[in-house]
Number of protein chains: 2
Amino acid sequence: VELLYRRGYEVHAVSSSETTHAGRASDGAIWHRADLLDAEARRALVEQVRPTHLLHFAWYAEHGDFWTSTENVRWVEASLSLLRAFGEHGGRRAVIAGTCAEYDWSSGGRYVEASSPLEPRTLYGVSKDALRRVAEAWGAERGISCAWGRVFFVYGEREQPQRLVPAVARAVLAGQPAPCSHGRQLRDFLHTSDAAAAFVALLDSTVEGAVNIGSGQPVSIAELVQLVAAQAGRPELVCLGALPERPGEPFELSADVTRLCEEVGWSPKLTLEQGIARAVRWHRRCLEVSDARGGAA
Amino acid sequence: VELLYRRGYEVHAVSSSETTHAGRASDGAIWHRADLLDAEARRALVEQVRPTHLLHFAWYAEHGDFWTSTENVRWVEASLSLLRAFGEHGGRRAVIAGTCAEYDWSSGGRYVEASSPLEPRTLYGVSKDALRRVAEAWGAERGISCAWGRVFFVYGEREQPQRLVPAVARAVLAGQPAPCSHGRQLRDFLHTSDAAAAFVALLDSTVEGAVNIGSGQPVSIAELVQLVAAQAGRPELVCLGALPERPGEPFELSADVTRLCEEVGWSPKLTLEQGIARAVRWHRRCLEVSDARGGAA
């Protein structure tokens, strides 16, 4: 939000959550509280704001469950309806968050937008892929510029605690062992602040179609978790090989970022070490706050 | 509707049109008037009927305009929402109408469901294709059996007058010349009564995934229009070559019907001659009625 504001956009930010402030906030955005799954709220918001640009991230993202939930279908419906309303009220450019799970994971690899086969195996991946297909054809028909950012693996502050980086960070910060698989799988990790910056750069460009959002520098899971544990000061607590390999897990899921680098003109600001350091610092503070509360109770 | 009724289904038929009868009609169906684009009407209908089987044809079909209209996007939304409601209220099997325009038309050919590339070039084709993708993944996840009938070229009574068969029939029945292109293009034509019967057979089967709905016997446009004019008693009024070829028009768009014949166990009841005779008879009656009205005015 801040990045958009600094680029000169009048930023209207939408959240369904009660915790969000309404009106203009310190980050420069005008915040709206609306549930985008609610047809009337959705339409009223677009009619009120009449945005020229749309950056659409809202989706169902409950850890684990999101891969197979029927909520994915609801978000296809809501996203298409949002796009139509956007187009009817003067919208000019839309950028939507997609996923690396749109690609064929059966063999893994380094995915290139224009040439890697799309063969999503989950309802989540299929739903995102289908939304992109309709959004692009609709945009071409209506003269609305559309781009689609395929997000790979992101980590950062405020992550759900069951996810990889928080789970390892919290375990070792608490002095517990962090059991992992062999860790030889290669993945493309990007800090959330860089993922956000990539989307802002994409929105601000005229690039259309699918663009991988990644670092372009795959690392092994082993390297990642060892970095987390090292930043937490407990490298000895990582137990590689303690968990079995997941059946059918692809060896490599990584992003060719030629489009992002050369066409959008963007590259990450944080190294993996810097990003992990920020995330671990945040988890350390969370645990300290929760310890202090526990001590005072 | 009658075919379903005769197979023993309790048939609930839905139309948004005012002309339809409400309640039980002579065709054995219980007719409901509802606009499936209306979220509340849609949900109320499914809650009331709680269908076990769904045969979903409703879509935007305005001649010419349907290829590019934003209404296609609305029908993706409405169809997904209908499917979700169907699944939530005990639905077990859904069959949805797709289109041969989901296939790659750039080179044309005889399309096979499992192997022909899907590369729709219109918002209509993209929207249908995207709906199928989500419906199949959702069905697999929810344990709901789904099939998808890819309709090729249909003709019959009650066709919109701008379409090929009515346009030629009405011209020559009125003694006017019927200008056509060279007519060498091959297409797969099926009478609407056979298309309906194919869908009923598909619904009544356990076949899942995409199934071409066609005759499997491509004919040239020239052969078709000459048959229409001959049935109308005016073969000399067809002017082949009077219209230019449409740029980029594929030579052959035809259906491999192996799945329909061997897995569903269905084949057409009417020959092309019989089907065209029925259609021409109907158009002749329409013109006679309208002439009689004109005479009385």
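Visitor: Which residue stands opposite A:Val219 in β13(A)?

Guide: In this predicted model, the residue facing A:Val219 of β13(A) is A:Arg187. The strands concerned are β10 (residues 186-187) of chain A and β13(A), which pair in the antiparallel sense over two bridges.

Visitor: In what order do the strands of that sheet of chain A run, and is the pairing mixed or uniform?

Guide: The order is β6-β15-β10-β13, four strands forming an open sheet with mixed pairing. At its edges stand β6 (109-111) and β13 (219-220) of chain A; each has a single partner strand, so one side of each is left without a neighbour in the sheet.

Visitor: How should the open sheet of chain B be read, and is its pairing parallel or antiparallel?

Guide: One reads the strand order, then the sense of pairing. In chain B four strands follow the order β4-β5-β7-β12, and the pairing is parallel. The edge strands, β4 (53-56) and β12 (209-213) of chain B, each pair on one side only. From one strand to the next, the twist averages 20°.

Visitor: How many bridges join β7 and β12 of chain B?

Guide: Five bridges join strand β7 (residues 145-151) of chain B to β12(B), in the parallel sense. As one example, B:Ala147 has B:Gly209 of β12(B) as its bridge partner.

Visitor: Which strands does helix α4 of chain B lie across?

Guide: Helix α4 (residues 123-142) of chain B lies across β5 (93-99), β7 and β12 of chain B, and runs at about 160° to β7(B). Helix α6 (residues 192-203) of chain B lies across β4, β5, β7 and β12 of that chain, at about 145° to β5(B).

Visitor: At what angle do the axes of α2 and α3 of chain A cross?

Guide: An angle under 35 degrees counts as roughly parallel. The axes of helix α2 (residues 39-49) of chain A and helix α3 (residues 71-88) of chain A cross at roughly 25° and come within 9 Å, which makes α2(A) roughly parallel to α3(A). The crossing is right-handed. Residues making the contact include A:Arg42, A:Arg43 and A:Val46 of α2(A), with A:Leu82 and A:Phe86 among those of α3(A). By class, the contact has five nonpolar, one polar and four charged residues.

Visitor: What rotation superposes chain B on chain A?

Guide: A rotation of 180° with 0.0 Å of shift along its axis does so, at an RMSD of 0.0 Å. That is the relation of a two-fold axis. Of the interface residues of chain B, 100% are also interface residues in chain A, so the copies meet through the same surface.

Note on methods: Residues are numbered from 1 along each chain as its sequence is written. Chains are lettered from A and ligands numbered from 1 in the order in which they are written. This is a predicted model: local features need pLDDT of at least 70, side-chain atom pairs count only at pLDDT 80 or more; totals for chains, interfaces and linings use all residues. Side-chain values use heavy atoms; hydrogens and water are left out. Copies are superposed by least squares on the C-alpha atoms of residues with pLDDT of at least 70 in both. Contact means heavy atoms within 4.5 Å. Axes are lines fitted to C-alpha atoms, for helices over the stretch in contact, and angles run from 0 to 180 degrees between N-to-C directions. Angles under 35 degrees count as roughly parallel, over 145 as roughly antiparallel, 65 to 115 as roughly perpendicular and the rest as oblique. A crossing is left-handed if the near helix is turned anticlockwise from the far one by less than a right angle, and right-handed if clockwise. Ala, Val, Leu, Ile, Met, Phe, Trp, Tyr, Cys and Pro count as nonpolar, Asp, Glu, Lys and Arg as charged, and the others, Gly among them, as polar. Two strands pair if DSSP finds at least two bridges between them.
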